[in-house]
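User: I should like to learn how to read the features of a protein model, one at a time. Could you take me through the general idea in each case and then show me the example at hand?

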Amino acid sequence: MTRIVILGAGAAGTMTANRLSRRYATERRAGTLQITVVDQDAAHLYQPGLLFLPFGRGTPESLVRDRRSQLPEGITYIQQGIEQVDTDTDTVRLHDGSTLSYDVLVVATGTRTLPGETEGLTDTGWNESAFDFYTLAGATALRDRLATFTKGRIVVTFVEAPIKCPVAPLEFAFLADSHFRALGLRDSVDVTYVTPLDAAFTKPIAAERLGHLLKEREITVVTEFATGNVDGEAKVLRSWDGREVPYDVLVIVPVHGGAEFVSKSPGLGDALGFVITDPHTLQAKVKANVFAIGDCTNLPTSKAGSVAHFEAEVLVPNIARFLEGRPLDPAYDGHANCFVETGHDRAILIDFNYETEPLPGHYPFAVGPLSLLEESRVNHLGKLGFKWAYWNVILPGYDIPGITPQMQMTGKTLVPARSAQ
């Protein structure tokens with residue numbers, strides 16, 4: 001029997017399991033292939049919804065479903081923590097001491113926030129004046145604080161990259177501006193965006209567009225700020241070079257790291273606990289029968305749901321090639337796209353890959369219907385509509401007509417280098 005073990009039942013692990021289940025339906029029914037999924041808890045969280053929760057849009061309950069219910073019958077689901085992967089013996093040791101043997105292993109355990117890595121962050125004021133919105137508890141506590149906030153300074157920042165959904169801190173700043181304008185309180189609320197980067201985004205064309213919007217929304221921007229510590233008593237964010245940014249409410253994205261077991265598994269991960277992965281085949285470097293997908297990898301692309309979706313379209317055929325003894329297809333090009341909420345029921349869309357930065361134009365066809373790097377209500381509706389697509393198309397592992405795992409240049413406008421400066 002061929003044993004495929006998937007570690008992680010988040011977006012990446014679930015869509016991989018569902019795609020494999022359909023591809024090998026005959027083998028599963030015949031008992032010649034088994035798919036096992038492992039995760040430490042039962043709750044599948046719709047993470048994009050955490051961005052809206054602090055502004056009273058949605059409820060915690062509406063963002064959570066049972067992990068097992070997202071997997072088809074015939075897949076074995078084990079709710080257990082993961083202790084270590086032993087690639088020499090092709091086994092996974094779980095927290096209860098049991099072991100799983102595999103012929104193919106897929107690591108899809110995502111990334112975790114590590115607020116304790118920043119000095120002072122979890123001391124005085126944590127979840128009272130300083131919050132994250134990358135966890136359900138943090139987003140809910142922030143919602144309760146913003147419900148009574150009428151004046152003062154909101155500082156939005158992230159400590160360092162990589163983080164899940166790199167544009168989310170920017171989106172939060174835009175939504176805060178929109179939220180307090182709608183309440184008639186914007187003149188009493190200062191919104192400051194603090195970033196370790198030298199601009200609003202990592203790519204010059206998108207950075208110019210987003211920087212213009214920040215200025216238009218009267219959002220103060222502090223660049224090249226490397227957070228050193230948080231003083232919760234004084235309500236001050238301090239950088240390593242001694243600069244200080246005072247706050248009344250701090251919205252901070254903590255340091256991210258890979259799953260703890262990755263660092264405990266020899267050869268599997270890098271210094272941050274992310275799986276060392278081939279950027280095009282998604283095969284882990286540690287051994288040929290190990291693959292990785294989604295936020296858990298060390299790939300130089302965004303840690304975002306769209307990335308996992310595009311990766312899954314490449315990964316599953318490559319697993320089949322491996323089992324058949326054929327060469328893997330280096331088909332993944334780093335393709336990522338995401339809606340960037342800019343407030344006032346508008347959003348922009350960015351689409352890019354390893355080699356090509358976000359460009360203006362239209363998506364997914366030459367005539368749209370979505371615009372790239374331009375605010376529109378259609379893009380905002382696309383952002384909201386993604387929740388339905390997530391549960392009904394993305395997680396079940398279906399392809400989206402007209403959207404390919406490789407980035408397409410159709411509809412995009414090349415911008416001369418000088419325009420990006």
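Analyst: Let us begin with an enclosed space. Strand β21 gives the largest share of the lining of the largest cavity, namely three residues. Please keep in mind that the model is a predicted one.

User: How many cavities of 30 Å³ or more are there, and how much space lies in the largest cavity?

Analyst: A cavity is a space where a 1.4 Å probe fits but cannot get out. The count here comes to one cavity of 30 Å³ or more, and about 50 Å³ of space lies in the largest cavity.

User: Which elements give two or more residues to the lining of the largest cavity, and how do the lining residues divide into nonpolar, polar and charged?

Analyst: The elements are β21 (336-343) and β22 (346-352). Nine of the lining residues are nonpolar, three are polar and none is charged. Among them are Cys165, Pro166, Phe201, Ser302, Asn337 and Phe352.

User: How does a pocket compare in its reading? Which residues lie nearest the centre of the second largest pocket?

Analyst: A pocket, in contrast to a cavity, is an open set of points. The second largest pocket holds about 510 Å³ of space. Its lining is made up of 25 residues, and Ala161, Pro166, Thr202, Thr301 and Ser302 lie nearest its centre. By character, the lining of this pocket comprises 16 nonpolar, six polar and three charged residues. Pro166 and Ser302 appear in the lining of the largest cavity and are also among the residues nearest the centre of this pocket.

User: I turn now to the sheets. What is the strand order of the open sheet of five strands?

Analyst: To read a sheet, one follows the order of its strands and the direction in which they pair. The order here is β5-β2-β1-β9-β20, and the pairing is parallel. Strands β5 (76-79) and β20 (290-292) form the edges, each pairing on one side only. On average, neighbouring strands of this sheet are turned by 20° against each other, direction ignored.

User: How many bridges join β1 to β2, and which residues stand opposite each other?

Analyst: Strand β1 (residues 2-7) runs parallel to strand β2 (residues 33-39), and six bridges join them. Within this pairing, Val5 stands opposite Thr36, and Leu7 stands opposite Val38. Strand β1 is also joined to β9, again in parallel, by four bridges. Val5 has Leu105 as its bridge partner in β9, in addition to facing Thr36 in β2.

User: Which helices lie on this sheet, and what are their angles?

Analyst: Helix α1 (residues 11-23) lies across β1, β2 and β9 (104-107), and runs at about 160° to β1. Helix α7 (residues 305-324) also packs on the sheet, where it touches β1, β9 and β20; the direction of α7 makes about 160° with that of β9.

User: Is the pairing in the open sheet of three strands parallel or antiparallel?

Analyst: In that sheet the pairing is antiparallel, with the order β6-β7-β8. The edge strands, each pairing on one side only, are β6 (82-86) and β8 (99-101). From one strand to the next the twist averages 20°. Three bridges join β7 (residues 91-94) to β8, and Val92 stands opposite Leu100 in β8.

User: Which residue forms a salt bridge with Lys287, and why does the pair tie together separate parts of the sequence?

Analyst: Side chains of opposite charge can pair when their charged atoms come close. The structure holds 26 salt bridges. In one of them Lys287 pairs with Asp90, with the closest N and O atoms 2.9 Å apart. Lys287 lies in the loop between α6 (260-264) and β20, while Asp90 lies in the loop between β6 and β7, so the pair ties together parts that are 197 residues apart in sequence.

User: Finally, what should one look for in the backbone?

Analyst: Most residues other than glycine have a negative phi, and most peptide bonds are trans. In this model the peptide bond from Ala161 to Pro162 is cis, with omega near 5°. Pro162 is found in the loop between β12 (152-158) and α4 (168-182). The bond from Tyr363 to Pro364 is likewise cis, with omega near -5°, and Pro364 belongs to strand β23 (residues 361-365).

User: Is the phi of Glu224 positive or negative, and where does Glu224 lie?

Analyst: Glu224 has a positive phi of about 50°, although it is not a glycine. Glu224 lies in the loop between β14 (220-222) and β15 (227-231).

Definitions and conventions
Residues are numbered from 1 along each chain as its sequence is written. This is a predicted model: local features need pLDDT of at least 70, side-chain atom pairs count only at pLDDT 80 or more; totals for chains, interfaces and linings use all residues. Side-chain values use heavy atoms; hydrogens and water are left out. On a 1 Å grid over the protein atoms alone, a cavity is a set of points where a 1.4 Å probe fits but cannot get out, and a pocket is an open set with protein on both sides within 12 Å along at least five of seven lines; lining residues have an atom within 4 Å of a point. Grid points are joined across faces, edges and corners, and a volume is the space filled by probe spheres set on the points. Ala, Val, Leu, Ile, Met, Phe, Trp, Tyr, Cys and Pro count as nonpolar, Asp, Glu, Lys and Arg as charged, and the others, Gly among them, as polar. Two strands pair if DSSP finds at least two bridges between them. Axes are lines fitted to C-alpha atoms, for helices over the stretch in contact, and angles run from 0 to 180 degrees between N-to-C directions. Contact means heavy atoms within 4.5 Å. A salt bridge is a side-chain nitrogen of Lys or Arg within 4 Å of a carboxyl oxygen of Asp or Glu.
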